[in-house]
Protein chains: 2
Amino acid sequence: MSTTQGARARARIEVTAAIKDEARRQLAAEGAAKLSLRAVARELGMVSSALYRYFPSRDDLLTALIIDAYDSVGEAAETAHAEVADAGVLLRWTAVCEAVRGWALAHPHEYALIYGSPVPGYVAPETTVPPAARVALLLIGIARDAQRAGMLAEPPLPADLHAEAERMVADFAGDLPPAVAVALVAAWAELYGLVSFELFGQFRRVVEDREAFFRYAVRRLALGVGLADV
Amino acid sequence: MSTTQGARARARIEVTAAIKDEARRQLAAEGAAKLSLRAVARELGMVSSALYRYFPSRDDLLTALIIDAYDSVGEAAETAHAEVADAGVLLRWTAVCEAVRGWALAHPHEYALIYGSPVPGYVAPETTVPPAARVALLLIGIARDAQRAGMLAEPPLPADLHAEAERMVADFAGDLPPAVAVALVAAWAELYGLVSFELFGQFRRVVEDREAFFRYAVRRLALGVGLADV
DNA sequence: ACAAAAAAGAGAGCACCGCTCTTGCATTGG
DNA sequence: CCAATGCAAGAGCGGTGCTCTCTTTTTTGT
């Protein structure tokens with residue numbers, strides 16, 4: 001049982017969580033670049049070297065935060081989607097996209113950590129892949145439902161992408177038409193372009209009504225994928 | 001005359017350039033996070049404190065590199081566009097977008113510097129705005145030419161964006177239809193979503209034929225803005 | 001032409017960083 | 001009960017951005 005696994009193991013779990021919490025606090029306050037192991041340790045009343053019992057390096061701590069961030073945005077998107085699960089595909093698509101944007105605005109530094117410049121020299125371990133895929137899976141699911149309901153118009157697909165499209169379908173798109181799979185990947189990347197530009201300040205003096213603009217852009221993305229209107 | 005302005009001023013320009021060159025070298029090699037004033041000074045055979053005569057802080061050096069990067073990608077896009085200036089609007093659009101992607105792949109760390117996570121606590125000074133706008137101005141120009149040639153189909157525009165769209169037109173879109181201006185801004189952001197996802201590794205195990213995929217996605221963007229086919 | 005002023009480099013030093021290693025103490029499992 | 005393990009602490013290494021002072025060199029004003 002997990003209750004009988006000894007005080008030491010319990011303490012380890014708690015300390016690990018405390019470190020991540022404090023690190024997340026500093027991340028939110030100052031950004032990834034200013035996340036300092038020494039400062040985390042100081043705040044927790046321990047000495048910096050003690051942290052290395054829990055995270056072998058600063059990058060490993062960052063990796064843990066990255067995975068948590070992917071899970072956090074994934075969960076936010078899933079929750080938002082569940083609330084409109086019975087609505088039309090366009091509304092569900094919009095809900096997911098707006099959840100991503102809302103999470104990004106609420107956690108800018110965590111967003112930057114996962115969708116901004118990669119930490120130099122740092123390569124994301126395979127463990128980050130499943131959490132990172134959660135939002136994409138939602139979008140795929142919506143497209144699938146649309147197809148099942150006959151509300152999916154197949155966009156055109158250039159000849160030189162047929163093979164690539166077939167591979168995508170086989171890899172992760174299940175029973176979607178190849179043209180939709182490719183369009184979906186493009187829309188997925190474009191969605192994060194919109195969020196990143198808003199968050200990273202490129203929309204300053206360009207877009208004022210960010211909500212309305214995002215709603216519009218996201219709807220365009222949905223139509224581009226083939227999701228039927230209303 | 002600039003030749004009579006004294007040896008000191010000449011030397012200052014040269015040293016400033018040398019510092020930026022060496023900094024850019026380190027930036028390309030290791031990324032912005034590992035750019036070290038001391039290392040730059042060491043490589044240049046000066047002492048670290050001497051650098052502060054030229055750049056008051058590390059962030060100011062970064063700002064200089066940011067402006068240069070914007071100019072660099074802007075120039076790359078302008079050059080590529082000039083080479084196909086007489087072709088159709090769709091081809092010109094594609095040329096600009098592919099120039100951006102090519103530049104990004106060739107200068108990943110500089111790209112990350114300007115389109116990745118902003119440096120924490122750092123706010124871009126107004127001086128960065130004109131260089132940052134160069135690519136966008138190209139895209140606007142293409143849309144304008146298309147309109148003048150009657151090859152621009154006006155996309156739909158939701159009612160709650162009319163005011164926003166009018167403002168955009170007044171601010172930077174000249175004589176474009178409001179609906180096109182808004183769509184253009186969206187496409188502009190989406191373009192960088194595509195490039196960023198490829199560059200930052202989100203396409204790993206997702207997109208294999210990156211060139212073909214990008215060509216396809218960029219063409220979709222152009223059509224979405226209303227640029228007529230062929 | 002010469003003195004005053006401005007600019008630039010050198011060096012020492014401060015406070016911080018990530019990370020390593022060794023040393024003791026506490027907990028745990030056989 | 002006791003040896004093995006886990007863990008915190010401390011000292012220390014090499015690095016960082018940045019400041020301050022001191023000296024030398026160049027420019028400038030009279």
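Arg215(A) and Asp160(B) pair up through their side chains in a salt bridge, 3.0 Å from N to O; the term takes a side-chain nitrogen of Lys or Arg within 4 Å of a carboxyl oxygen of Asp or Glu. Between chain B and chain A the count is six salt bridges. This is a predicted model, where local features need pLDDT of at least 70 and side-chain atom pairs need 80 or more, while totals for chains, interfaces and linings use all residues. Residues are numbered from 1 along each chain as its sequence is written, chains are lettered from A in the order in which they are written, and side-chain values use heavy atoms, with hydrogens and water left out.

**Chain B against chain A**

- There are 19 residue pairs in polar contact between the two chains, both residues at pLDDT 80 or more; that means N or O atoms within 3.5 Å, one able to donate a hydrogen and the other to accept it, with sequence neighbours counting only if both atoms are side-chain atoms.
- On chain B, the elements giving two or more residues to the side that touches chain A are α6 (108–115), α8 (162–173), α9 (178–199) and α10 (210–225); helices here are DSSP runs of H or I, at least four residues, numbered from the N terminus.
- α9(B) gives the largest share of that side, 13 residues.
- Contact (heavy atoms within 4.5 Å) links 55 residues of chain B with 55 residues of chain A.
- About 4,200 Å² is buried between them, with 60% from carbon and sulfur atoms; buried area is the accessible area (1.4 Å probe) lost on putting the two parts together, summed over both.

**DNA strand D**

- 22 residues surround strand D, and the closest are Arg53(A), Leu37(B), Arg38(B), Arg42(B) and Arg58(B); a residue is near a strand if one of its heavy atoms lies within 4 Å of it.
- Arg53(A) puts a polar side-chain atom 2.6 Å from a base nitrogen of strand D.
- Phosphate oxygens of strand D lie 3.0 Å from a polar side-chain atom of Tyr54(A) and 2.6 Å from a side-chain N or O atom of Arg42(B).

**DNA strand C**

- Strand C is surrounded by 22 residues, the closest being Leu37(A), Arg38(A), Arg42(A), Ser49(B) and Arg53(B).
- Base nitrogens of strand C are 2.3 Å from a polar side-chain atom of Arg38(A) and 3.2 Å from a side-chain N or O atom of Arg8(B).
- Arg12(B) has a polar side-chain atom 2.7 Å from a phosphate oxygen of strand C.
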